[in-house]
There are 2 protein chains.
Amino acid sequence: MVKPFDKISEKNKYKLFQAFHTHIMSYNKGEDLSKMLMDRNSLGIIISGYVQIIKKNLNGTSLIIDELYEDDILSIKTIYVQDSEYEVLVKEETKIVFFDLEQIQEFGENEKGYYNQFIKNLFLIINDKLNEKNERIQILTKKTIRNRLLEYFSIAKTKSGSNNIYLPFSFMALADYLGVDRSAMSRELSYLKEEGFIEIKGKRIKLTF
Amino acid sequence: MVKPFDKISEKNKYKLFQAFHTHIMSYNKGEDLSKMLMDRNSLGIIISGYVQIIKKNLNGTSLIIDELYEDDILSIKTIYVQDSEYEVLVKEETKIVFFDLEQIQEFGENEKGYYNQFIKNLFLIINDKLNEKNERIQILTKKTIRNRLLEYFSIAKTKSGSNNIYLPFSFMALADYLGVDRSAMSRELSYLKEEGFIEIKGKRIKLTF
DNA sequence: TGCATTTTGTTGCAACTGCAACATATCTAC
DNA sequence: GTAGATATGTTGCAGTTGCAACAAAATGCA
């Protein structure tokens, strides 16, 4: 997976910060960044720290949707959780550098190399994000839980090139990703097991179709 | 809405084509581009012509999902319709220029101005696409037809800044966008009308909430 | 204008799913 | 290891939805 500063030296990285008139912000453990992100339309890149995207359910339980570390992108466009039930929670003191993409501007002859590299990296990253979103839409437009699961499995199979899938998150998080009720999904998984389509051992799922 | 060649002269546009080693392809009326797009990982921009994204339903009917004209972006990432039931149909002879984003490279001093403008335009467009996808995911994760409709209406309301919404597509297409059965959606719309939440006149919907 | 096609509205019914409640299993921290 | 917390599995039930079939309205086109 491409990272924003791949193939860019530490020195040139800070030159980029200057050239883009970036703002570097620090956030403390426990802060919720969701409202702050709403107000910023710029692209944030995490320089250091650790942030979780959390969904708070009505019954008081909460669910980790995503975890972000150094070099991960954090902007309202890339996470987009308008719902008040979502939280962007700082788990460790975190520094984020914000780029205003409107500010792409003239660069001198010397900066060209790493500037182009940076732009290329960002393109590839955003392109990947588009891909992820598309995959999820592809899944969410399936009308039954069974079909969403099978679509998810198919995509995972294609990606891994194997019939053995390792779930990158919990079954709770999977239900959330598929946009279905957890217990109903659990029931459907049981049916799929019974019918011999899959075998489940922990987070390891073997597809037999 | 930003277009790829905004603020770039016709002359510089063709210089960009050269600098990126683009390929320009022509397609004839009636061709289905979906398979061709699968094989290309590059960014296509329509130079001239008219293309429809079509969904073919099981019962033989088909539905126009989207229509693309000059300066619209056409790549597998931006449409993403893996399903064989989707078709990318050329309605008029269409020319597409394909950019390989991997080929972003050194530009001479003279090209910088329009090169930067082009990159900025593309960023803004892809960012918009991310937004669109996020909105749709936001809607698709709602668990009832009613809630998907209300979410859709809310977003439309925010965008237009008015309680009067004009549907940009047919109700059939809306059902497809929301990922629900058309007749079930029609039923739910009737309930919403009865309960006084909305008024419908053709594609014009008045929100009273 | 008038005919054919497409879209929209309506409804019964069977199937699916969310929800709640609970049991069991797994994980985590001490 | 143990206790508490968290995650997973199971099930009944009521509400929602997809599907099919059809009527009515709107649209396109010769």
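**Close-up views of a predicted model**

**View 1. A:Lys7 is exposed, with a relative accessible area of 77%.** The model shown here and in the other views is predicted. Phi of A:Lys7 is positive, about 65 degrees, although the residue is not a glycine. Most residues other than glycine have a negative phi. In chain A, the segment before H1 is where A:Lys7 is found. An exposed residue is one with over 50% relative accessible area, and A:Lys7, at 77%, therefore falls in that class.

**View 2. B:Asp71 combines a positive phi, near 75 degrees, with a residue type other than glycine.** The residue belongs to the loop of chain B between strand E3 (62–68) and helix H3 (76–79). Is B:Asp71 buried or exposed? With the cut-off for burial set at under 20% relative accessible area, B:Asp71 is buried because its value is 19%.

**View 3. The axes of helix H5 (residues 145–160) of chain B and helix H6 (residues 171–178) of chain B come within 11 Å.** The crossing angle is roughly 105 degrees. Angles of 65 to 115 degrees count as roughly perpendicular, and H5(B) and H6(B) are therefore roughly perpendicular to each other. On the H5(B) side the contact is made by B:Arg148, B:Leu149 and B:Tyr152, and on the H6(B) side by B:Leu174, B:Tyr177 and B:Leu178. Sorted by class, the residues of this contact are 5 nonpolar and 1 charged, with no polar residues.

**View 4. H5(B) also meets helix H7 (residues 182–194) of chain B, with axes that come within 10 Å.** Here the axes cross at roughly 70 degrees, and H5(B) and H7(B) are therefore roughly perpendicular to each other. H5(B) contributes B:Ile145, B:Arg146, B:Leu149, B:Leu150 and B:Phe153 to the contact, while H7(B) contributes B:Ala184, B:Met185, B:Glu188, B:Leu189, B:Tyr191 and B:Leu192. The contact of H5(B) with H7(B) holds 9 nonpolar residues, 2 charged residues and no polar ones. B:Leu149 takes part in this contact and also in the contact of H5(B) with H6(B).

**View 5. Helix H6 is mostly covered in chain A and in chain B.** In chain A the helix runs over residues 171–178, and 6 of its 8 residues are buried. These are A:Ala173, A:Leu174, A:Ala175, A:Asp176, A:Tyr177 and A:Leu178. In chain B, 6 of the 8 residues of H6(B) are likewise buried, namely B:Ala173, B:Leu174, B:Ala175, B:Asp176, B:Tyr177 and B:Leu178. Among these buried residues, B:Leu174, B:Tyr177 and B:Leu178 are also the residues of H6(B) in the contact with H5(B). A glycine with a positive phi follows the helix: A:Gly179, at about 70 degrees, comes just after H6(A), and B:Gly179, near 70 degrees, comes after H6(B).

**View 6. The largest nonpolar core has 42 residues.** Which residues have the most contacts inside the core? They are A:Ile45, A:Phe99 and A:Phe118 of chain A, together with B:Ile45, B:Phe99, B:Phe118 and B:Leu122 of chain B. In each of chains A and B, the elements that give two or more residues to the core are helix H1 (10–19), strand E2 (43–56), strand E4 (86–99) and helix H4 (112–140).

**View 7. A:Phe118 is one of the residues with the most contacts inside the largest nonpolar core.** Leaving aside residues up to four places away in sequence, A:Phe118 touches A:Pro4, A:Phe5, A:Ile8, A:Leu16, A:Phe20, A:Ile45 and A:Phe99. Of these neighbours, A:Ile45 and A:Phe99 are also listed among the residues with the most contacts in the core.

**View 8. B:Phe123 lies in helix H4 of chain B.** B:Phe123 counts as buried because its relative accessibility is 2%. From B:Phe123 to B:Ser154 there are 31 residues in sequence, and their C-alpha atoms are 27 Å apart in space.

**View 9. Chain A has 7 helices and 7 strands.** Along the sequence of chain A these elements follow the pattern α-β-α-β-β-α-β-α-α-β-α-α-β-β. The C-alpha trace of chain A spans about 65 × 40 × 25 Å along its principal axes. Of the 209 residues in chain A, 50% are buried. The accessible surface of the chain is about 10400 Å², and carbon and sulfur atoms account for 48% of that area. Among contacts in chain A between residues at least 6 apart in sequence, those joining residues at least 24 apart make up 73%.

Terms used
Residues are numbered from 1 along each chain as its sequence is written. Chains are lettered from A and ligands numbered from 1 in the order in which they are written. This is a predicted model: local features need pLDDT of at least 70, side-chain atom pairs count only at pLDDT 80 or more; totals for chains, interfaces and linings use all residues. Side-chain values use heavy atoms; hydrogens and water are left out. Axes are lines fitted to C-alpha atoms, for helices over the stretch in contact, and angles run from 0 to 180 degrees between N-to-C directions. Helices (H or I, at least four residues) and strands (E, at least two) are DSSP runs, numbered from the N terminus. Angles under 35 degrees count as roughly parallel, over 145 as roughly antiparallel, 65 to 115 as roughly perpendicular and the rest as oblique. Contact means heavy atoms within 4.5 Å. Ala, Val, Leu, Ile, Met, Phe, Trp, Tyr, Cys and Pro count as nonpolar, Asp, Glu, Lys and Arg as charged, and the others, Gly among them, as polar. A nonpolar core is a set of buried Ala, Val, Leu, Ile, Met, Phe, Trp, Tyr and Cys residues joined through side-chain atoms within 4.5 Å. Buried means under 20% relative accessible area, exposed over 50%, partly exposed in between (1.4 Å probe, protein chains only). Accessible areas come from the Shrake-Rupley method with a 1.4 Å probe; for residues, only the protein chains shown count as cover.
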